[in-house]
Amino acid sequence: MRQLIKVLIVAVVLAGGTGNVANAQCKGFAKSLCKKELGAYLHDGNYHAAVLVEGEEAELYKTFYSDMEYRVAICGADGLPPIEFTIFDSTGKILYNNKGDGYKKFWDFKLEASQQLKIVVKVTTFPGTNEIPASGCVAIMFGFITK
Amino acid sequence: MNKKLNYLRGLILLIVVTLCFSVISCKSRQNKTEAEKTITEKKQPNAELLEQYKSAEKVFNALPTPLEIAQIIKGTGATFDETLLNQVDNQSNYTTSKSMALNLGIYTCDLSFASMYDQTTHIVNYMSAAEKMAKGLGIMDAIDENTIEKLEQNINNRDVIMEVVSETFLNSQSYLEDDEQHAVAATIIAGGFIEGLYISTNLVDMKKFKGNKLVSTIIDQKMSVDDLVRLLETYSDNAAIQELLGPLKDLKASFDKVERSKAPSQTVLDPKTGVTEIKGAARGEIKPETFLEIRNKVTEIRNVYVK
């Protein structure tokens, strides 16, 4: 039942029935709340946000450059369970996972050599509930230190 | 069980009503500006639209933004050269949605470059040029009179200027994504990327080619060129994107000659700063003739679009 409801909700979101309203809310969420997680890092101006349902994943590929100091911030809207994110290097090796770090919302890093990293974001699930799965905006933002 | 069935019926009814509203909403959105019509002229069948949505929203390809490109260039110690920027006087030449989208990216890159190098005399002019492009594309709220005013009032405060430039890019991208004008958003990104590559390749002094830090950053663009082509291919049924793809695939062919190795990385956390350093991984090499080939191709592509 829960799975069926989840599929139906995802279908509605993908069909665009609530897409525009949800996307507009995502924009506001990303700008007003998630951007704050970047702290002293300058937001690069990129916008990556989507409405995700409990248990759903999104992937992001980005090339990061040597001699730059980056912060990746990943935030979920209120009402969503914690957002787990994992960062893989170009060979598929896990570099960081925030699950063992109290589901921390950001990770700071720099690179000796430029490379493309993959970021997998997953909305975790609330334990033992049989109600409608939670859905909400998840935003991924990048910042860097200006020199 | 009955309670569950009733609940499910209610949910399905809600979905049907929502989808009906969605159709009405889509119809009302057909009254778009000419600029939007040109770049989003081909309507997709539902299945393709769904795939495009999934591809655009669930798997993101993040390209370097104009601000990041400007920081990368500055980080190499390269100097500012205003002759490499697109002249603001050219703005009146851009009348089609494709040229406005490309040059919004190009002017935003030039603005980022000027901001990063504290070129106060250029900042307001480039922001005004970007504003004109954004307005022409029907992008509301991305840049307005208040933005220009804020820049003028803080012209000597680099942090504020950078913040404004970052927000401007975020506003235009998020507006287009919300409005499902993904192809226009991708065209702006392409414009900014082409300009950044044009500036960086033309700043390289061939007499100091070996060990040049700027050359290393251009080698690294091999990955971003791949990302850009992949992003644009998502919208390859769009006529404007199709035109862009040809020369960019040709540029990618030149970048394919650049050699890059892959190796697993190691992470080292600095407990004092909380910053993790990713050590090891890929190294790249480029021959001078390949570099010149890339420079010539990107110059050719860029010069067609800034005319």
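**A helix across a two-chain sheet**

Let's start where the two chains meet in this predicted model. Helix 10 of chain B, residues 213–233, lies across three strands: strand 3 (57–64) and strand 8 of chain A, plus strand 1 of chain B. Against strand 3 of chain A, the helix runs at about 140°.

Now look at the sheet those strands belong to. It is an open sheet of five strands with mixed pairing, and its order reads 6(A)-5(A)-8(A)-3(A)-1(B). Which strands stand at the edges? They are strand 6 of chain A (94–97) and strand 1 of chain B (59–62). Each has a single partner strand, so one side of each is left without a neighbour in the sheet. Going from one strand to the next, the twist averages 20°.

A quick reminder before zooming in: strands of a sheet pair through backbone hydrogen bonds, either parallel or antiparallel. Strand 5 (residues 83–88) and strand 8 (residues 115–123) of chain A run antiparallel, and six bridges join them. If you want a spot to click on, try A:Thr86, which stands opposite A:Val120 in strand 8 of chain A.

Stepping back to chain A as a whole, you'll find two helices and nine strands. Along the sequence the helices are followed by the strands, in the pattern α-α-β-β-β-β-β-β-β-β-β. How much of chain A counts as buried? The figure is 48% of its 147 residues. As for contacts in chain A between residues at least 6 apart in sequence, 81% join residues at least 24 apart.

Methods. Residues are numbered from 1 along each chain as its sequence is written. Chains are lettered from A and ligands numbered from 1 in the order in which they are written. This is a predicted model: local features need pLDDT of at least 70, side-chain atom pairs count only at pLDDT 80 or more; totals for chains, interfaces and linings use all residues. Two strands pair if DSSP finds at least two bridges between them. Helices (H or I, at least four residues) and strands (E, at least two) are DSSP runs, numbered from the N terminus. Axes are lines fitted to C-alpha atoms, for helices over the stretch in contact, and angles run from 0 to 180 degrees between N-to-C directions. Two residues are in contact if their C-beta atoms, placed from the backbone, lie within 7 Å. A residue is buried if 20 or more other C-beta atoms lie within 10 Å of its own, exposed if 12 or fewer, and partly exposed in between; C-beta atoms are placed from the backbone.
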